[in-house]
Amino acid sequence: MVRVLNFKELKEIMNRIIDNKKVAIIGLGHPLRGDDYVGSYIAEKLKQLVRSSNILIVNAETVPELYTDVIREFKPDVLLIIDAVDFGGEPGEIIFSKLCDLEIVERDSLSHALPLYLVLKLMNVEERNVYILGIQPKNMNIRNSMSQKVLEHAEIIVKIIKDITQNNF
């Protein structure tokens, strides 16, 4: 079971996890499905802002399996997956958890194509080093843009990650 975090809690937890580690961040989401795009949106913003040899940022959209070689070669200590996760919360609310602590139902909601366990195996990343940052979507209908609340919270998450990774080189 995971719980909803406020931004202060998220920053504290992420600071502990990311500090002085080699981190790969993968944003997931479909660009034409409203709030589903949030993970990819955050990854795109971070790619413009974060400059560190210890941080790899990938916008995988709906196909993280295409980046298995890139992740495997980078050899991260930590893999952070950012995605829209429908956990029944209010739009824009966030959860943060180790992948191995998520319930099977919650894990299944992260799947975009191949099963996540298989993608991780191809990346040669141990599940205990994988974290999920999930943002509750409002709508994921085709051809909708991201909702205002999800977009606002995405911008805050970008700032938190940028601030934490600024000194991580």
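Which elements do the buried residues of α2 pack against? Keep that in mind while we look at the whole protein. This is a predicted model, where local features need pLDDT of at least 70 and side-chain atom pairs count only at pLDDT 80 or more, while totals for chains, interfaces and linings use all residues. Residues are numbered from 1 along each chain as its sequence is written, and side-chain values use heavy atoms, leaving out hydrogens and water.

Along the sequence, the protein follows the pattern β-α-β-α-β-α-β-β-α-α-β-α, which comes to 6 helices and 6 strands (DSSP runs, numbered from the N terminus: H or I of at least four residues for helices, E of at least two for strands). Of its 169 residues, 48% count as buried, meaning under 20% relative accessible area with a 1.4 Å probe, protein chains only.

Now to helix α2, residues 38–49. Its 12 residues should span 16 Å at 1.5 Å a residue (times one less than the number of residues), so the 17 Å between its end C-alpha atoms agrees. Its buried residues are Val38, Gly39, Ser40, Tyr41, Ile42, Ala43 and Leu46. Here is our answer: they pack against β2 (23–28), β3 (55–61), β4 (78–84), β6 (130–135) and α6 (148–165), with contact meaning heavy atoms within 4.5 Å.

Ile42 also belongs to the largest nonpolar core, where Leu10, Met14, Ile25, Ile42, Leu80, Phe96 and Leu133 touch the most other members of the 34. Such a core is a set of buried Ala, Val, Leu, Ile, Met, Phe, Trp, Tyr and Cys residues joined through side-chain atoms within 4.5 Å. Its largest share, 7 residues, comes from α6.

Key:
Buried < 20%, exposed > 50% of the residue type's maximum accessible area, 1.4 Å probe, protein only.
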